[in-house]
Amino acid sequence: MIIDVERFFAQNRPHWQELEKLLDGMQAGAKLGYDDARRLHYLYERTSADLARLSTFAAESEAGAYLSGLVGRAYAEIYETRRRKARFSPRRWFFRDFPRTFRQHIGAFALAVALTVGGAAFGAFALAIDPDAKSVLMPFPGLEGDPGERVRQEESGPNKNLQGHHSTFSAELMTHNMRVSFFTLALGITWGVGSVLMLFYNGVILGAVAFDYMRAGYTVFLLGWLMPHGVIEIPAILVAGQASFVLAGALLGRGDRRPRRERLREATPAIVTLAGGTAVMLVWAGIVESFISQYHRPVLPYEVKIAFGAAELLLLIAFLGFSGRKDAAP
Amino acid sequence: MTGRRLTVRTPEGVEFSWPLAGPVARMLAVIIDLFCIGTAVYILNTVLSLFAVLTRDWATGIAILLYFGLQIGYGIGFEWLWRGQTIGKRVLRIRVIDGEGLRLTPGQVILRNLLRAVDTLPVFYAVGGLTCAITRHAQRLGDLAANTVVIRHQAAVAPELTETLRQRYNTLRQWPHLCARLRQRTTPDEAGIALQAILRREEIDPEPRLHLFDNLARHFQQKVEFPPEALDGLSSEQYVRDVVQLLFETTSRRPEARVSA
């Protein structure tokens, strides 16, 4: 026993407690002045030295744990170099950060689009050569029937089931779509394999449904039915796919020699921003799908619905392509 | 202090470490959190059912959104506000921290919670539990992606030895040469064990307590044999206490013990 533990504690405890108080203050949100910052650094170095001495000369595990915890907390405050934004501004985030992040990772988005389009082509092709495959490709009761019948039913008047349930339906759509999107995003952790399958499968269903209605001659109905919400909903899921590929890209790290942890650390803000963007888009799509998409010809002419959808699509492209370009770089 | 630890080496060359939380503690925390979410949903439903008298459609819609928001937002909200803790984690004294010992960012909190969708596959955190059991830092997939770890909380109280050790008359002091030999022969590990035993003696049940101090006393007697009259009327516990006092309360003033203020 080389160290006089009792004396050591008695002499240094005031410094430890001062450091602890300073850290508590910082975690409660207090701002440090110049003198405080210097004091913090001094106390941190001193406590580090105490920890080093204690672990070299004595086996007092509880004091060691205490000092270790203290040094750990101070370390987190001192060596954190990631910029902390003064205040999160939803407006700046949505109109600047989200579109910018989208453009920065446009390659991942293109991959998601390619997969979905490929899936759609496969779905349409499969249904064309084997009409019996419908129940396999579209395992949903609402879509299995004859398109003509569905159109007649939809056009016979406002959906009775939906009367007075628009908000409920809208909420169901939003949460369901968000669940699917976030799940697609999370599948990025499988090095992107799961996301590839998910996006391709979504494409297959989309292609098969579209082909089914187009073959029966209901292209206009289909566009009027799907476009008002689909032009936002489908891109939203593609953005989630984009986020999953950003995650997968950071995991794989092709051509990047930094350790995986660092690559992920760098990718995290982009993934989270894209996830947030997806959520916002899906809220909009859910409202439109419940309150507009379910009204058909006698009530709402298809031309109006298609025009509305086209306008939304143009706005979306303009938003993702150009919003936040002008401001100074972050 | 067994189990896996996250060790960080600071640029000053000092190492500190956090004990990591295992799958079991984390699972218990999750169960508590699920219970909290369930309770919150129940309360919300009760409130909204009053509201439903006015408009049923809106009430149901809001209930669905709130339920979803609670599911996703519970973990994110609490871990951000409470610096890495939820109610369940607080109860079990565990905490999420950054994988390199730095500050937890909101992005990390959101990402690790979004990846819960994969960790809960196929039933009740099977994937997450498995990865937590096999990865070096006990991380589930969400932790790996967000570069976070879950640690066990350490003692938050500055150590107080003085009260325990500054005590009455110490019989063993009558044989200074034996005391010196005891200090010389005792390793830091042995001293640490004896000290811990003394500090925590009130937490131990009577029977194991007797047994423990008997063992310790025998061990130290084998190291340095004090004359029989030194042990007269001295219980094993008092004996160990005296030994600890001798070990930790050095009266000599060596240079390495002196710290200039």
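**Helix packing, cores and loops in a two-chain model**

In chain B, helix α11(B) packs against helix α12, which covers residues 236-248, at an angle of about 50°, and the axes of the two helices are 8 Å apart. Since oblique is the class for angles that are neither roughly parallel, roughly antiparallel nor roughly perpendicular, α11(B) and α12(B) are therefore oblique to each other. The crossing in which α11(B) passes α12(B) is left-handed. On the side of α11(B) the contact is made by Phe213(B), Asp214(B), Leu216(B), Ala217(B) and Phe220(B), while α12(B) supplies Ser236(B), Glu237(B), Tyr239(B), Val240(B) and Val243(B). Sorted by class, the residues of this contact divide into seven nonpolar, one polar and two charged. The structure discussed here is a predicted model, and every value quoted for it is to be read in that light.

Chain A offers another pair of packed helices, namely α5, with residues 106-129, and α10, with residues 193-215, which meet at an angle of about 45° with their axes 6 Å apart. These two helices, α5(A) and α10(A), are therefore oblique to each other, and their crossing is right-handed. The contact of α5(A) with α10(A) comprises 20 nonpolar, seven polar and one charged residues.

From these helix pairs the reader may turn to the nonpolar cores. The largest nonpolar core has 115 residues, and within this core Val246(A) and Ile271(A) are those with the most contacts. Helix α11 of chain A, residues 219-252, gives the most to the core, with 19 residues. Once the neighbours within four places in sequence are left aside, Ile271(A) is in contact with Ala243(A), Val246(A) and Leu247(A), and also with Leu111(B) of the other chain. A second, separate core has 16 residues, among them Ala194(B), Ala217(B), Phe220(B) and Leu247(B). Of these, Ala217(B) and Phe220(B) have already appeared in the contact made by α11(B) with α12(B).

Leu111(B), the partner of Ile271(A) from chain B, leads to helix α4(B), where Leu111(B) is one of the buried residues. The helix runs over residues 106-114 of chain B, and seven of its nine residues are buried, so α4(B) is largely enclosed by the rest of the structure. Besides Leu111(B), the buried residues of α4(B) are Gln108(B), Val109(B), Ile110(B), Arg112(B), Asn113(B) and Leu114(B).

Chain B as a whole has twelve helices and four strands, and 35% of its 261 residues count as buried. Among the contacts in chain B with a separation of 6 or more, 63% are accounted for by residues 24 or more positions apart. Two pairs of residues give a sense of distances in this chain. Tyr67(B) is placed in helix α2 of chain B, residues 56-81, and is partly exposed because 17 C-beta neighbours lie inside 10 Å; its C-alpha atom is separated by 61 Å from that of Thr186(B), which is 119 residues apart from Tyr67(B) along the chain. Ile204(B), by contrast with that helical position, lies in the loop between α10 (188-199) and α11 (206-223) of chain B, and its 14 C-beta neighbours inside 10 Å make it partly exposed. Not counting residues up to four places away in sequence, Ile204(B) touches Arg209(B) and Leu212(B), whereas between Ile204(B) and Gln222(B), 18 residues apart in sequence, the distance from C-alpha to C-alpha is 25 Å.

The backbone of chain B remains to be considered. Most residues other than glycine have a negative phi, and most peptide bonds are trans. Leu121(B) and Pro122(B), however, are joined by a cis peptide bond with an omega of about -25°, and Pro122(B) is placed in the loop between α5 (116-119) and α6 (126-134) of chain B. Tyr125(B) is also in the loop between α5 and α6 of chain B, and its phi is near 55°, a positive value in a residue other than glycine. With 18 other C-beta atoms within 10 Å, Tyr125(B) is partly exposed. Ala138(B), which is found in the loop between α6 and α7 (141-146) of chain B, has a positive phi of about 50° although it is not a glycine. Because 23 C-beta neighbours lie inside 10 Å, Ala138(B) counts as buried, the cut-off for that class being 20 or more.

Definitions and conventions. Residues numbered from 1 in each chain as written. Chains lettered and ligands numbered in written order. Predicted model: local features only at pLDDT ≥ 70, side-chain atom pairs only at ≥ 80, totals over all residues. Buried ≥ 20, exposed ≤ 12 C-beta atoms within 10 Å, placed from the backbone. Axes fitted to C-alpha atoms, helices over the stretch in contact; angles between N-to-C directions. Parallel < 35°, antiparallel > 145°, perpendicular 65-115°, else oblique. Left-handed = near helix turned anticlockwise from the far one by under 90°. Nonpolar A, V, L, I, M, F, W, Y, C, P; charged D, E, K, R; others polar. Core = buried A, V, L, I, M, F, W, Y, C linked by C-beta atoms within 7 Å. Contact = placed C-beta atoms within 7 Å.
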